[in-house]
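User: Could you take a close look at one part of this protein for me? I'd like to hear about the nonpolar patch on the surface, and then a couple of other spots for contrast.

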Amino acid sequence: MPDSIDAQASLEGVLKDEIIRMYQEVADNPEAEFHFFHGREATELFGYDPAWLERAHSGAVNSFAGVGNPHLRADIQPGETVLDLGSGAGLDAIIASWSAGPTGKVIGVDLNPSMCLKAQAHAAATGSEMECHEGKMEAIPIPDDSVDIVISNGVINLSFQKRKVVEEVFRVLKPGGRISITDIVSGKQLSQNIVNDPKLWAS
């Protein structure tokens with residue numbers, strides 16, 4: 001058992017590095033070719049309001065790497081506190097901040113500290129505010145019962161410990177809080193060669 005635990009921990013460490021590398025590459029070189037939809041093409045495919053895309057910082061739009069549109073059902077209200085799990089370059093957090101308004105609060109969490117800085121800069125450039133914390137979704141670095149709604153876009157599928165992620169989401173939600181998540185779900189068990197390949201898992 002200890003050997004299998006050590007092996008999984010080692011694989012998770014390699015996966016974390018690959019996730020940071022891949023999505024940093026999308027942010028730094030959005031014009032590059034990737035085998036998944038990203039940037040403005042992806043936002044349009046997933047039904048993002050064109051007015052949002054014109055208002056948001058172009059860097060946040062061009063670096064978008066989500067898999068759907070959590071805002072379609074989020075129904076964020078003025079004054080609410082929103083957690084964007086895996087906030088990346090910040091597009092979803094920025095849109096959430098417009099809905100939450102000046103009395104609300106948006107908190108981003110991302111594995112990559114440079115992405116947190118980028119997201120905050122993109123938000124500030126559009127007159128929005130967000131705070132961002134470097135951290136893992138399996139150990140969300142915010143207090144219990146502190147947010148009204150959790151949004152996430154194509155991130156939970158990257159975790160080896162999805163049950164732990166869900167437990168953490170419920171921990172940070174206030175009583176009666178809400179979740180609006182878009183993600184990738186497999187209808188069948190992934191083959192071992194995919195599970196053991198950090199590049200395939202991360203992408």
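Analyst: Here's the patch, followed by two single residues.

This is a predicted model, where local features need pLDDT of at least 70, side-chain atom pairs count only at pLDDT 80 or more, and totals for chains, interfaces and linings use all residues. Residues are numbered from 1 along each chain as its sequence is written, and side-chain values use heavy atoms, with hydrogens and water left out.

The patch is made up of V166, F170, I179 and I181, and together they have about 350 Å² of accessible area (Shrake-Rupley method, 1.4 Å probe, with only the protein chains shown counting as cover). To join a patch like this, residues need over 30% relative accessible area and no salt bridge, with nonpolar side chains (Val, Leu, Ile, Met, Phe, Trp, Tyr) joined within 5 Å; a salt bridge is a Lys or Arg side-chain nitrogen within 4 Å of an Asp or Glu carboxyl oxygen. Helix α8 (162–172) and strand β5 (173–182) each supply at least two of the patch residues; helices are DSSP runs of H or I, at least four residues, and strands are runs of E, at least two, numbered from the N terminus. F170 sits in α8 and is exposed, at 55% relative accessible area (exposed is over 50%, buried under 20%, partly exposed in between; 1.4 Å probe, protein chains only).

Now for S97, in helix α6 (residues 91–100): S97 is buried, at 11%. Leaving out residues up to four places away in sequence, S97 touches V106, S128 and E129 (contact means heavy atoms within 4.5 Å).

P141, in the loop between β3 (131–134) and β4 (147–153), is partly exposed at 35%.

How values were computed:
Patches are made of residues with over 30% relative accessible area and no salt bridge: like charges are joined within 9 Å, nonpolar side chains (Val, Leu, Ile, Met, Phe, Trp, Tyr) within 5 Å.
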